[in-house]
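I set down here what I looked up in this structure, entry by entry. The notes follow the order in which I consulted the model.

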Amino acid sequence: MPVCLITQPIHPVGAERLRAAGIEVRHGTATNAAEQIAEVRDVDAVIVREGLSAAAIDAAPHLAVISNHGTGTDKIAVAHAHACGIPVVSTPGANVRAVAEHTMMLMLAVARGVVLADAATRRSDWQHRYTVPMHSLSDKTLGIIGFGRTGQIVAQMARAGFGMHVVVWSPRVAEQDVAALGCQRVETLQALLQMSDVVSLHRPLRPDTRHTIDAAALAVMKPGAILVNTSRGGLIDEPALVDALRAGKLFGAGLDVFEREPLPVASPLATLPNVVLSPHQAGSTQEALADTASQCAAQIIDALAGRQPENMLDPSVWQRRRHSGSTQNVMEVQV
């Protein structure tokens with residue numbers, strides 16, 4: 001019987017779907033790299049939420065497919081897996097609407113000072129509403145950096161729900177595709193930053209995108225602007241952001257992702273009153289978790305049954321793929 005290791009908790013529907021296909025499911029308990037290596041030694045497939053190292057991949061001679069719970073794969077040794085003939089699959093689209101909703105929530109939470117207002121209400125401080133400034137999103141300009149699926153949904157929500165003007169900087173997206181959604185494409189990051197009241201990040205993390213928002217970028221943002229990141233923590237130079245927030249350059253920031261996760265307790269970001277934080281949970285509504293887990297399982301079933309999964313990071317790996325160590329065929333399972 002083929003074995004699939006689920007390294008971190010996922011929605012139960014994923015495990016149920018795997019078992020229905022005749023695949024043994026194991027739930028990981030590893031808390032460090034050595035324990036993870038021990039857990040993957042005899043598995044045929046793995047579902048990961050927090051990445052998989054090259055050392056873990058090398059320790060699993062029967063590993064035939066890696067399924068990433070989500071879109072971002074920067075924590076997986078993807079190049080090494082592909083070099084070993086192991087397909088890596090992801091779940092694009094499963095949680096994009098949930099992430100977009102969370103993005104809008106962070107915009108509102110920062111603009112309206114929700115965290116501070118909640119604390120004031122709990123201590124019966126009704127003077128709070130006279131002393132702490134708030135802002136509306138209506139008629140403001142939203143700058144979206146990266147116009148993939150999530151960025152596009154955020155643009156639609158912002159325009160239709162809040163009457164925001166949307167400008168986009170996304171070098172790989174054509175102007176007509178931006179215009180089709182009623183948005184304006186700008187040629188440079190600097191232009192977007194100079195005209196935006198709210199800036200929202202939706203880029204993947206790559207060497208060329210790391211610290212898209214650095215000290216120089218923060219310096220050209222509009223005074224009193226809001227910065228939101230639900231994509232990848234490495235897109236922002238966090239010390240530079242802390243300096244800008246402390247100096248009052250920005251009105252505030254809403255962050256769901258960080259350069260180091262979990263966010264250290266001593267992080268300066270955790271001490272700032274004009275920052276709203278969440279623990280990388282933008283895509284974790286129950287509905288999105290169920291869809292993501294189901295897609296992870298479906299692609300593992302396909303791979304182990306000899307069918308090419310739908311969302312391979314590099315489809316060319318399929319022709320030179322490593323085969324599972326299990327002798328059981330799951331070909332008859334329909335997904």
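In which helix is the place of Thr103? I worked from a predicted model, and there I located Thr103 in helix α5, which runs over residues 96-111.

**Entry on Thr103.** I next looked up how accessible this residue is. Thr103 is buried, since its relative accessible area is 0%. I then listed its contacts, setting aside neighbours within four places in sequence: Val154, Ser200, His202, Val228 and Thr230 are in contact with Thr103.

**Entry on confidence.** I noted a mean pLDDT of 96 for the protein chain, with 97% of its residues at 70 or more. Residues 331-335 have pLDDT under 50 throughout. For that stretch I found 10 contacts in the model beyond four places in sequence. I do not interpret these contacts further, because predicted coordinates should not be read in detail where pLDDT is low.

**Entry on the annotated domain.** I consulted the UniProt annotation, which comes from an unreviewed entry and reads "domain: D-isomer specific 2-hydroxyacid dehydrogenase catalytic". According to that record, the domain covers residues 5-312. Over residues 5-312, I recorded 38% helix and 15% strand. The C-alpha atoms at the two ends of this range lie 19 Å apart.

**Entry on cysteines.** How many disulfides does the structure hold? I found zero disulfides. For Cys84 I looked up the closest cysteine sulfur, which belongs to Cys4. The two sulfur atoms are 18 Å apart, so they are too far from each other for a bond. I also compared accessibility classes: Cys84 is partly exposed, at 25% relative accessible area, whereas Cys183 is buried, at 9%.

**Entry on Ser316.** Is Ser316 buried or partly exposed? I recorded a relative accessibility of 43%, and Ser316 therefore counts as partly exposed. Ser316 is found in the segment after α13, a helix that spans residues 286-304. I also checked its separation from Ala219: the two residues are 97 apart in sequence, and their C-alpha atoms are 43 Å apart in space.

**Entry on aromatic rings.** I searched the whole structure for aromatic pairs and found zero. Which residue lies over the face of Trp318? I identified Arg321 in that position, at 3.8 Å from the ring centre.

Notes
Residues numbered from 1 in each chain as written. Predicted model: local features only at pLDDT ≥ 70, side-chain atom pairs only at ≥ 80, totals over all residues. Heavy atoms only, no water. Phe/Tyr/Trp six-rings, centres within 6.5 Å; stacked < 30°, edge-to-face > 60°. Lys NZ or Arg CZ within 6 Å of the ring centre and 35° of its normal. pLDDT = per-residue confidence, 0-100. Contact = heavy atoms within 4.5 Å. Disulfide = S-S within 2.5 Å. Buried < 20%, exposed > 50% of the residue type's maximum accessible area, 1.4 Å probe, protein only. UniProt positions renumbered as here; feature names shortened; annotations may be inferred. Helix = DSSP H or I, 4+ residues; strand = E, 2+ residues; numbered from the N terminus.
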